[in-house]
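Reader: I have a model open on my screen and would like to go through it with you. Could you explain the reasoning behind each label as we go?

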Amino acid sequence: MSGGDIAGLIAAGVFAILVALLAVPIFKLGKVFDEIRVTIKQIGDGTVPLIDEVTTTVATTNTQLTKVDGISNNISDATANISALSSLFAATLGSPLIKVAAFSYGVRQAFSSRGKSTRARRSR
């Protein structure tokens, strides 16, 4: 064996050791990718029921909002009816009450000014 053959054997041995040293991290990286694949599968399997629950929740919420919309429409109608009723009350009883109040005020003023002298009335 010559010196070149020995150098070739040493280089081949070093290359084999280098390949063995690099194979360990690559093998571990393969295990990491396997774990990532399993984790992504679990996330995908857990997401489907969650999306179904969200869909159910949104549908229930829309149903409740429809009920609330109906209630608010009924309240709006009741408010309009109460407003019309108060306007009707003011129109039918308000005007006569104002007239009675004005008449009674005039009568009180007439009786109270009767007792005063005419000078006091002219000085105003």
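Reader: Happy to start small. In which helix does Val14 lie?

Author: Val14 lies in helix α1, which runs over residues 3–114. Please keep in mind that this is a predicted model.

Reader: Why does Val14 count as exposed?

Author: Its relative accessibility is 52%, and exposed means over 50%, so Val14 counts as exposed.

Reader: What makes the nonpolar patch on the surface, and which residues form it?

Author: The patch is formed by Met1, Ile6, Leu9, Ile10 and Val14, and together they have about 560 Å² of accessible area. Patch residues need over 30% relative accessible area; Val14, at 52%, passes that cut-off.

Reader: How do you know that the protein is more spread out than a compact globule?

Author: Let's begin with the secondary structure, which comes to 2 helices and 0 strands. The radius of gyration is 50 Å, while the globule rule gives 14 Å for 124 residues; the value is well over the rule, so the protein is more spread out than a compact globule. You can also look at the C-alpha trace, which spans about 155 × 40 × 15 Å along its principal axes.

Reader: What share of the residues counts as buried?

Author: Buried means under 20% relative accessible area, and 1% of the 124 residues count as buried. The accessible surface of the protein comes to about 10900 Å², with 70% of that belonging to carbon and sulfur atoms.

Reader: Why is the contact of Asp45 and Lys41 called a salt bridge?

Author: Their side chains meet at 3.4 Å, N to O. A salt bridge needs a side-chain nitrogen of Lys or Arg within 4 Å of a carboxyl oxygen of Asp or Glu, so the pair qualifies. The structure holds 1 salt bridge. Both residues lie in helix α1, 4 residues apart, about one turn of the helix.

Reader: Why is Asp45 called partly exposed, and why is Lys41 called exposed?

Author: The cut-off for exposed is over 50%, and partly exposed begins where buried, under 20%, ends. Asp45 has a relative accessible area of 49%, so it is partly exposed. Lys41 has 52%, so it is exposed.

Reader: What makes Thr39 and Gly46 partly exposed?

Author: Thr39 is at 38% relative accessibility and Gly46 is at 44%. Partly exposed lies between the 20% and 50% cut-offs, so both residues get that label. Thr39 has its place in helix α1, and Gly46 is found in helix α1 too.

Reader: How far apart in space are Thr39 and Ile6, and what separates Gly46 from Asp5?

Author: Thr39 and Ile6 are 50 Å apart, C-alpha to C-alpha, with their positions 33 residues apart in sequence. For Gly46 and Asp5, 41 residues apart along the chain, the C-alpha atoms are separated by 61 Å.

Key: Residues are numbered from 1 along each chain as its sequence is written. This is a predicted model: local features need pLDDT of at least 70, side-chain atom pairs count only at pLDDT 80 or more; totals for chains, interfaces and linings use all residues. Side-chain values use heavy atoms; hydrogens and water are left out. The radius of gyration is taken over C-alpha atoms; the globule rule is 2.2 Å times the number of residues to the power 0.38. Buried means under 20% relative accessible area, exposed over 50%, partly exposed in between (1.4 Å probe, protein chains only). Accessible areas come from the Shrake-Rupley method with a 1.4 Å probe; for residues, only the protein chains shown count as cover. Patches are made of residues with over 30% relative accessible area and no salt bridge: like charges are joined within 9 Å, nonpolar side chains (Val, Leu, Ile, Met, Phe, Trp, Tyr) within 5 Å.
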